[in-house]
Every structure is written in structure tokens, then in C-alpha cells.
Amino acid sequence: MPHPAVLDESELLKQCEVRRQRRSGPGGQHRNKVETAIFIEHMPTGVTAEACERRSQEANRQQAIFRLRVNLAMDVRSEVSNREVAADASASELWRSRCRGGKISINAEHTDFPALLAEALDRIHAREWDVKSAADGLGCSTSQLVKLLRKEPRAITLVNQERRKRDLAPLK
């Protein structure tokens, strides 16, 4: 089964509970009368996300889904991916399409970002937090992989915490 951050929107939402609420704050009457805040919980994992900063319910829904995907990438390690990684399986087609000449081309706000982050973290986890080994397996340089992790500050923090537990030097 693929990592939940990789699922298309309709498949992901089948596994989620979505709630709408009113939120106070800037936005005037419209915000106080309309349920524009969106809360999403991925039921199999308990991972949640929310968005309430926009006046449009649809804009908040899209932002909450993106945040959910990033949170899933951060919090869920894919067992299938770990087995494949341990067997030196090649990177996914999505990863290969974004990695050319050892460089990873992705913006942290692009819809593909959570899937790439999940794959990178799964690979690093499977390689016992050895980032160089994970980068080699993904076909990119170590510095490019670290650059990807830095686009989500929680990711670099997670990797450094796990590296410290294993007496490995933290990433710079």
C-alpha cells in the first residue's frame, strides 16, 4: 500500500473525517457567519491538519489537505517503502522526474512536495538515518537531500534528533 501522502485527493479523503467550523478573527461578518474553517483527520493514523486563514471554504480545504499530506509525510513511515528501500529498490517515478543530474527540483508549496518528503524520510529511516546512503539510493547528492529536508523545518529537526540518538553528527 502506498504512503498516504502519495494518495490522490479522493483516495486520501476516503480515509479522512472532514469537519467545517466557524472561526473568529479578521474577515468581518462573512467569516463569523460562514463555516470556512476546515479540520481534517486521517482516521487510520490519527494525523490531523487544519486551515482557517482564508475567507473561502474551498481555499481552506485545499490548504488543509496540503498540510495533512505534509503532516503524514512527517509522522508516518511506510512499511512497504522501508522493505523496498532495504532491498535497494530504485526511487519512485515521481522522485526520478524531480531529480535530474543529482539535483532535486521542487518548491515546498508544490503538490508533489509531501510525496517527495515522505519518500526521502522513508529512505533515510530505512538506512538508519544515514543521509549519504539514502541520497545515494535516491540518485541525488547529500547536499540536495538536506536542502529538501530544510524546506520543511520539522523534517530536518526530526532527522537530527534521530541522528543524535545514534551518536551521529547532526546535519548542518
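Me: How many residues does α6 have, and what distance does α6 reach from its first C-alpha to its last?

Reply: In this predicted model, α6 has 14 residues and reaches 20 Å from its first C-alpha to its last, which is close to the 20 Å expected at 1.5 Å a residue. The helix covers residues 113-126, and α6 is followed by Glu 128, a residue whose phi is positive, near 55°.

Me: Is α6 mostly buried or exposed?

Reply: Burial is judged residue by residue, with under 20% relative accessible area as the cut-off. By that standard α6 is mostly covered, since 12 of its 14 residues are buried. Among them are Phe 113 and Pro 114 at the start of the list, the charged residues Glu 119, Asp 122 and Arg 123, and also Ile 124. For the protein chain as a whole, 44% of the 172 residues count as buried.

Me: Which residues of α6 make the contact with α9, and how are the two helices oriented?

Reply: A general idea helps here: an α-helix has 3.6 residues a turn, so residues three or four places apart point the same way. In this structure, α6 and α9 (residues 153-165) pack at an angle of about 5°, with their axes 12 Å apart, and they are therefore roughly parallel to each other. From α6 the contact is made by Leu 117, Leu 121 and Ile 124, which meet Ala 155, Leu 158 and Val 159 of α9. By class, this contact has 6 nonpolar residues, with no polar and no charged ones.

Me: At what angle do α6 and α7 pack, and which residues meet there?

Reply: An angle between 115 and 145 degrees falls in the oblique class. Helix α6 and helix α7 (residues 131-138) pack at about 125°, with their axes 8 Å apart, and are therefore oblique to each other; α6 passes α7 in a right-handed crossing. On the α6 side Glu 119, Ala 120, Arg 123 and Ile 124 take part, and they meet Val 131, Ala 134, Gly 137 and Leu 138 in α7. The residues of this contact divide into 5 nonpolar, 1 polar and 2 charged.

Me: Which elements do the buried residues of α8 pack against?

Reply: In α8 (residues 142-150), the buried residues are Gln 144, Leu 145, Val 146, Leu 148 and Leu 149. They pack against α5, β5, α6, α7 and α9, within a protein chain that has 9 helices and 5 strands.

Note on methods
Residues are numbered from 1 along each chain as its sequence is written. This is a predicted model: local features need pLDDT of at least 70, side-chain atom pairs count only at pLDDT 80 or more; totals for chains, interfaces and linings use all residues. Side-chain values use heavy atoms; hydrogens and water are left out. Axes are lines fitted to C-alpha atoms, for helices over the stretch in contact, and angles run from 0 to 180 degrees between N-to-C directions. Helices (H or I, at least four residues) and strands (E, at least two) are DSSP runs, numbered from the N terminus. Angles under 35 degrees count as roughly parallel, over 145 as roughly antiparallel, 65 to 115 as roughly perpendicular and the rest as oblique. A crossing is left-handed if the near helix is turned anticlockwise from the far one by less than a right angle, and right-handed if clockwise. Contact means heavy atoms within 4.5 Å. The expected span of a helix is 1.5 Å times one less than its number of residues. Buried means under 20% relative accessible area, exposed over 50%, partly exposed in between (1.4 Å probe, protein chains only).
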